[in-house]
Amino acid sequence: MKRFLQQLLGAAALVFLAQAAVAAPTYVGVKVCTKCHSYHGDSWTETSHAKAFDSLKANTKAEEKKKAKLDPAKDYTKDKDCVGCHSTGFGKPGGYALGKDPGGPEQLGSVGCEACHGPGSDYRDEHGTAEKKLLKTSQSTPRKLIVGKGQNFDYEKACAACHLNFQGSSLKGAKVPFTPFTPAVDAKYSFEYDKAVRTKALHEHYKLKGAFTGEPVPKVRADFQKTAKDLPE
Ligand code: HEC
Ligand code: HEC
Ligand code: HEC
Ligand code: HEC
C-alpha cells in the first residue's frame, strides 16, 4: 500500500513537472505582435535590430569584422557563438534554432519584439482583452497581470544581456559567447542605456490609451509618451 502511494505521488509529481514545463511562455514571432501593432512593426523594420541577422553573412560588414578579428569571408549564420544575440529567443521554446528559417512571418532571425518585450504566447491575448475592457468600462488592467504572463518591462536588463555581455563590462555574470564588438575594439561600441534607448535603434513610439496601469512602470515611459505620435485610426 505504502509503495503504491509512493508511486502514485511520483506520477503526480511528474504530471506537475510536465505541466509546469508546458506552462512557460514561448516565443511567437513578430507577425503576431504586428497584427495589432502595425505601426510599431513598420518602424522596427527600418532598425538595425531588424536586420541584425544579415551582419552574420559572409562578406557583409567586412571592415568591422576585420577590426574585431573575425573572418569577413566566413558565414557565421549557423555559428552558435554568434546567432544568440542576432536573433530572438535562441534555443528557447518557440525561439530561433540553428537551421530554422531566419525570415518568414515570424522573423526570428532578427532582434524582434520579444527580444525586448519577452516571449508573447501568454500575454498577447491579454492586450486585446484589456483594450476592450478599457473601451467598455473605462477600467485599466493591472500591468502585473501581463508581467505574470511573461511580458518584460526591465528593458535595461534585456539590452545588457546582448550589449554588455563581454569580459570586464558592468554586467554581472557575463558568460560566453561574448560579443566581439566591445569598447576595446572601438569606443563606439560602448553601451549607455539612457542614451541607447533614445536612438533610432528602437521603433517609433505611439501614444497609449492606458489599457494597463500600475507597477512596473518603465522609467522611460513618461518621457516617451510626451513626444509619442498619435496612432492613425
Ligand atoms: C537579442 C540581443 C539584443 C537585445 C536584447 C538588444 N540589442 Fe541592440 N543590438 C543588437 C545587435 C546584434 C545589434 C547590431 C545589429 C547589426 O547591425 O547587426 C544591436 C544594435 C544596437 C544599437 C546600434 C544601432 C546602430 O544603428 O548603430 C543600439 C543603439 C542598440 N542596439 C540599442 C539597444 C537597446 C537600447 C536595447 C534594449 C532596449 C537593445 N539594443 C536590445 C542586439 C540586441
Ligand atoms: C553577447 C551577444 C553577441 C554575440 C555572442 C555576438 N554579437 Fe555581434 N553584436 C552584438 C551587439 C550588441 C552588436 C551591436 C554593437 C554596437 O553597435 O554597439 C553586435 C554587432 C555586430 C556586427 C556589426 C558591427 C558594426 O559595427 O556594424 C557584426 C558584423 C557582428 N555583430 C557579428 C557577430 C559575429 C560574427 C559573432 C560571432 C563570432 C557575433 N556577432 C556574436 C552582440 C553579439
Ligand atoms: C530593442 C528593444 C525593443 C524591440 C526590438 C522592440 N521594442 Fe517595443 N519598446 C521598447 C522600449 C524600450 C519601449 C518603451 C517602453 C515604455 O515606454 O514603456 C517600447 C515600447 C513599446 C510599446 C508601447 C508604446 C510605445 O510606442 O512606446 C509597444 C506597443 C511596443 N513597444 C511594441 C513593439 C513591437 C510590436 C515590436 C516589434 C515589431 C517591438 N516593440 C520591438 C523596446 C523594444
Ligand atoms: C490583439 C491585439 C494585440 C496583440 C496580438 C498584441 N498587442 Fe500589444 N497591445 C495591444 C493593445 C490594445 C495594447 C494597449 C494599448 C493602450 O494602452 O493604448 C497593447 C499594449 C502593449 C504594450 C504596452 C503595455 C503597457 O505597459 O501599457 C506593449 C509593450 C505591447 N503591447 C507589445 C506587444 C508585443 C511585443 C506583442 C507580441 C508578442 C503584442 N503586444 C501583441 C494589442 C495587442
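By class, the shell around ligand 4 holds eight nonpolar, six polar and six charged residues, where Ala, Val, Leu, Ile, Met, Phe, Trp, Tyr, Cys and Pro count as nonpolar, Asp, Glu, Lys and Arg as charged, and the others, Gly among them, as polar. These surroundings belong to a predicted model, in which local features need pLDDT of at least 70 and side-chain atom pairs count only at pLDDT 80 or more, whereas totals for chains, interfaces and linings use all residues. Residues are numbered from 1 along each chain as its sequence is written, while chains are lettered from A and ligands numbered from 1 in the order in which they are written.

**The ligand shells**

Ligand 4 is surrounded by 20 residues, of which Cys 33, Cys 36, Gly 120, His 127 and Gly 128 are the closest; a residue is taken as near a molecule if its C-beta atom, placed from the backbone, lies within 6 Å of it. At least two residues of this shell come from each of helix 2, helix 6 and helix 7 (124-137), and helix 7 gives the largest share, four residues. Helices here are DSSP runs of H or I with at least four residues, strands are runs of E with at least two, and both are numbered from the N terminus.

Around ligand 3 there are 26 residues, with His 37, Cys 113, Cys 116, His 205 and Pro 218 as the closest. Helix 2 (30-34), helix 3 (38-45), helix 6 (113-117) and helix 11 (221-227) each contribute at least two residues to the shell around ligand 3, and the largest share, four residues, is that of helix 6.

For ligand 2 the shell numbers 22 residues, and Ser 55, Cys 82, Cys 85, Asn 165 and Thr 179 come nearest. Two or more residues of this shell are given by each of helix 4 (62-67), helix 5 (80-83) and helix 9 (155-163). The classes in the three shells are set out below.

| Shell | Nonpolar | Polar | Charged |
|---|---|---|---|
| Ligand 2 | eleven residues | six residues | five residues |
| Ligand 3 | 16 residues | nine residues | one residue |
| Ligand 4 | eight residues | six residues | six residues |

**The chain as a whole**

The chain has eleven helices and two strands, and read along the sequence these elements follow the pattern α-α-α-α-α-α-α-β-α-α-α-β-α. Its C-alpha trace spans about 65 × 55 × 35 Å along the principal axes. Of the 233 residues, 21% count as buried, a residue being buried if 20 or more other C-beta atoms, placed from the backbone, lie within 10 Å of its own, exposed if 12 or fewer do, and partly exposed in between. Among contacts with a separation of 6 or more, 61% are accounted for by residues 24 or more positions apart, where two residues are in contact if their C-beta atoms, placed from the backbone, lie within 7 Å.

**Cores**

In soluble globular proteins, nonpolar side chains tend to be buried together. The largest nonpolar core of this chain has twelve residues, including Tyr 27, Phe 53, Cys 82, Phe 90 and Leu 108; such a core is a set of buried Ala, Val, Leu, Ile, Met, Phe, Trp, Tyr and Cys residues joined through C-beta atoms within 7 Å. Apart from this core lies another, of five residues, among them Tyr 123, Ile 146, Ala 211 and Phe 212. Cys 82, a member of the largest core, is also one of the residues that come nearest to ligand 2.

**Loops and backbone features**

Gly 150 lies in the loop between helix 8 (143-148) and helix 9, and its C-alpha atom is separated by 6.1 Å from that of Pro 25, although the two are 125 residues apart along the chain. Not counting residues up to four places away in sequence, Gly 150 touches Pro 25, Gly 118, Pro 119, Asp 122 and Tyr 123. Because 19 other C-beta atoms lie within 10 Å, Gly 150 is partly exposed.

Two peptide bonds before proline are cis: the one joining Val 176 and Pro 177 has omega of about 0°, and the one from Glu 215 to Pro 216 has omega near -5°. Pro 177 is found in the loop between helix 9 and helix 10 (193-196), while Pro 216 has its place in the loop between strand 2 (212-213) and helix 11.

Gln 107, although not a glycine, has a positive phi of about 45° and is found in the loop between helix 5 and helix 6; Gln 107 counts as buried, because there are 24 C-beta neighbours inside 10 Å. Ser 138, likewise not a glycine, has a positive phi of about 60° and belongs to the loop between helix 7 and strand 1 (141-142), but Ser 138 is exposed, with 8 other C-beta atoms within 10 Å.
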